[in-house]
Amino acid sequence: MSDDKKKPEETAVQGPKEATRRGFLRDAGTLTAATIAGAAALVTQTDEAEAKASWAEWFQKNYRLMTDEEKKESVERLEKRYSEEYGKATTVDSSPAMEGVLFGYALNIQKCIGCRRCVHACVKENNQSRNNPEIQWIRVVKMEKGNFTTENMDKGYPKDYGIQVGGNAYENAGVTLEGEHYYTPEEVPEKGSFYFPMQCMQCEKPPCVKVCPVRTTYREPDGIVVIDYNWCIGCRMCISACPYWARRFNWGEPNLPQEDMNPVTHYLGNRPRMKGVAEKCTFCLQRTRKGRYTACVEVCPVGARKFGNLLDPESEVRKILEKKRVFRLKADLNTYPKFFYFID
Amino acid sequence: MRHKIQFAIDFVTYAVRGGPKFYLWMLGLGFFILLMSYGAFRQFTEGMIVTNYNDQVSWGLYEAQFVFLVGVAAAAVTVVFPSYVYHHKKLKEIVVLGEMLAIAAVFMVIIFIMFHMGRPDRLWHLLPVIGIFNWPNSMLTWDVLVLNGYLGLNAVCGFYYLYKRYSGQEVNKSFYMPLVYISIVWALSIHTVTAFLINTMPSRPMWFHSMMPIKFISTAFAAGPSMIIIAFLVIRKNTKLKIADEAIELLAQIVTWCLGIAIFLTIAEVVTELYPSTEHSFSLKYLMFGMHGLTGLVAWYWSSIVLMISAFILLLTPRFRKDHRFFLPLACAMTFAGIWIDKGMGLVVPAFIPTPIGELSEYTPSWIEIINSLGGWASGLFLFTLLVKGAVGVLLGDLKNGGEWEPIVISEESKEESYRG
């Protein structure tokens with residue numbers, strides 16, 4: 001297997017480095033390239049056109065280092081491949097960050113009812129793998145309210161000589177994150193529970209970016225931490241380093257049925273991913289860079305989710321930061337999330 | 001140049017020839033390597049979905065082997081350091097065997113890194129110039145540097161020494177000695193950096209403490225020499241190479257005290273974590289006692305503790321430590337196994353349980369992970385056997401091309417004597 005994969009690579013790398021990439025593409029019809037594409041097709045068990053595209057993708061640079069022309073080439077290649085693969089005209093946007101915009105998010109935990117419409121809207125919008133497994137970028141953690149009980153007032157450890165290590169009057173819940181995000185009630189909100197949605201916090205000091213050995217993940221000028229899926233080597237350092245458990249990994253080839261695929265995509269956002277790479281919430285940059293709201297903001301039935309430009313004093317997010325009681329998750333880690341929680 | 005090619009040819013032809021026991025051993029290893037090639041094929045075509053890794057526990061058996069084997073590689077220094085710094089004569093004669101172990105261990109590390117990668121085909125993205133090497137920011141790039149450097153140093157030192165011996169020339173000290181001293185410091189660096197790789201992530205509180213590097217080094221210097229002692233005993237039994245009792249005794253002492261320090265550090269960690277018992281100690285609690293009815297690692301943890309403590313007691317007792325026929329190899333095997341658990345399943349896996357948002361989910365390796373890991377070890381032992389066999393040939397004087405070095409052959413009387421001891 002590894003032999004099959006290596007041989008064609010070596011053949012192609014032997015030529016002069018700079019010329020190879022484009023020359024290689026142009027000569028795609030020649031015998032050599034056809035053979036290579038054929039070999040790749042055998043390996044990936046796909047048709048030749050797709051194999052050719054993946055092969056060219058394999059040689060491309062890190063997105064940030066591409067010239068505009070190379071970016072255009074790469075985007076066109078992807079559009080062609082996705083359109084063929086999913087049977088619908090797919091666009092791959094490459095709009096850069098807007099000037100003077102720094103995205104921020106605020107979530108009203110008082111209002112959240114735990115319906116998880118945001119979770120599913122996100123999956124629909126962002127082309128995650130749908131089954132086996134379904135990848136979700138947002139998790140809504142159910143927190144049960146704690147309780148103090150009279151009968152335990154005098155109970156604790158040790159039993160005699162006065163409680164010293166700990167009392168039992170408080171029934172522990174809610175304060176410790178127990179990570180219950182699989183709840184399946186008949187109705188939400190459930191009595192005695194509140195809900196705590198989490199997703200990528202788009203940290204100003206993102207630990208995931210620092211640990212990446214190939215700089216495939218980085219912070220864009222508008223504050224969004226993005227991933228070049230084509231450059232990721234799948235080492236999962238970022239997944240280990242994220243204190244918010246926001247990153248997901250494509251353990252196998254993602255399963256995205258044609259009919260479920262959202263054809264409006266962005267290179268750094270919701271374009272379909274491949275196996276062996278990390279992914280996460282990007283604040284729907286394919287939407288927000290065009291002035292739209294994220295899918296989760298749009299779908300929230302109680303208006304708990306607010307989104308906007310942190311640099312604009314008139315934006316809703318800025319108003320919330322000024323007027324409401326706001327906190328950030330795990331602030332002690334000094335990651336400076338741009339995802340704020342607030343209460344009225 | 002022709003001389004060097006001749007050396008390579010002689011070395012290889014000598015290394016691959018042996019008696020029935022040798023062939024049986026290599027065949028056994030070959031079987032596991034074959035199994036691994038199937039496992040590797042499945043994993044590289046279907047993706048890591050053939051493992052039991054998941055978003056909750058995203059590192060597992062492979063990373064456990066990786067961390068442990070970096071330690072084994074670093075442990076070559078336990079042979080090199082006394083030889084060249086304390087001029088331990090008996091150890092110096094066979095120091096090259098330690099370097100061969102280092103080469104084989106780094107080779108295994110590389111195999112497990114390949115299995116660790118989600119996209120091994122994109123490994124070239126790491127190469128400077130054609131890719132992006134995020135150095136010095138990413139700790140992983142430091143690890144790449146020190147591991148490759150260490151492989152290079154040991155290959156150069158080891159084969160330079162063997163080649164000089166083979167040609168009957170003296171080593172050029174002004175070339176050789178600086179490399180030896182660098183490799184001593186470098187050995188410490190590889191395991192320190194591997195510790196930094198995981199303990200610089202506050203998202204995983206179980207790893208997030210400054211004791212990690214010293215614990216890594218002390219456990220490595222217990223497990224590594226244990227393996228070296230066992231290898232020495234096997235070599236002594238099967239070849240004429242003179243491996244003095246003093247050499248083995250010194251290594252046994254190193255194992256004893258490093259194991260003692262490791263046990264002390266384990267106690268220190270347990271007390272520090274469990275006394276205040278904050279949320280940050282949940283991983284350790286899960287490992288030691290289980291949590292919410294999930295107890296997958298509890299048996300592993302306590303078996304590791306029992307192995308390490310009983311090995312320590314055996315090694316502390318001179319009567320057992322000096323019994324090279326049974327108790328010393330037993331204690332070494334126990335140390336090796338205990339630390340393999342402690343640093344593998346007992347360190348890598350529980351750090352992911354619970355997840356940063358508090359979810360507890362257990363992990364058991366899939367059978368593909370298991371055959372790939374067995375195969376990784378088999379490949380390393382395969383290489384180690386060949387390297388050691390060739391090196392022993394040179395030391396024995398079976399492999400030579402002019403000049404005279406005194407072969408390190410055991411005389412019949414001293415052989416009898418060492419067996420009695």
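Which order do the strands of the open sheet of four strands in chain A have? The order is E14-E2-E16-E15, with mixed pairing; strands pair if DSSP finds at least two bridges between them. This is a predicted model, in which local features need pLDDT of at least 70, side-chain atom pairs count only at pLDDT 80 or more, and totals for chains, interfaces and linings use all residues. Residues are numbered from 1 along each chain as its sequence is written, and chains are lettered from A and ligands numbered from 1 in the order in which they are written.

Select E14 (305-309) and E15 (325-327) of chain A: these strands (DSSP runs of E, at least two residues; helices are runs of H or I, at least four; both numbered from the N terminus) form the edges, and each has a single partner strand, so one side of each lacks a neighbour in the sheet.

Next, display E2 (103-108) and E16 (339-343) of chain A, which run parallel and are joined by four bridges. Here A:Asn108 lies opposite A:Phe342.

Then add helix H11 (316-323) of chain A, which packs on the sheet and touches E2, E14, E15 and E16; contact requires C-beta atoms, placed from the backbone, within 7 Å.

Move to E3 (139-144) of chain A. Five of its six residues are buried, so E3(A) is largely enclosed by the rest of the structure; buried denotes 20 or more other C-beta atoms, placed from the backbone, within 10 Å of a residue's own. Six bridges link E3(A) to the antiparallel strand E8 (193-198) of chain A, where A:Met198 is the bridge partner of A:Arg139.

Finally, show both chains: 41 residues of chain B and 42 residues of chain A enter the contact.

Technical notes
Two residues are in contact if their C-beta atoms, placed from the backbone, lie within 7 Å. A residue is buried if 20 or more other C-beta atoms lie within 10 Å of its own, exposed if 12 or fewer, and partly exposed in between; C-beta atoms are placed from the backbone. Axes are lines fitted to C-alpha atoms, for helices over the stretch in contact, and angles run from 0 to 180 degrees between N-to-C directions.
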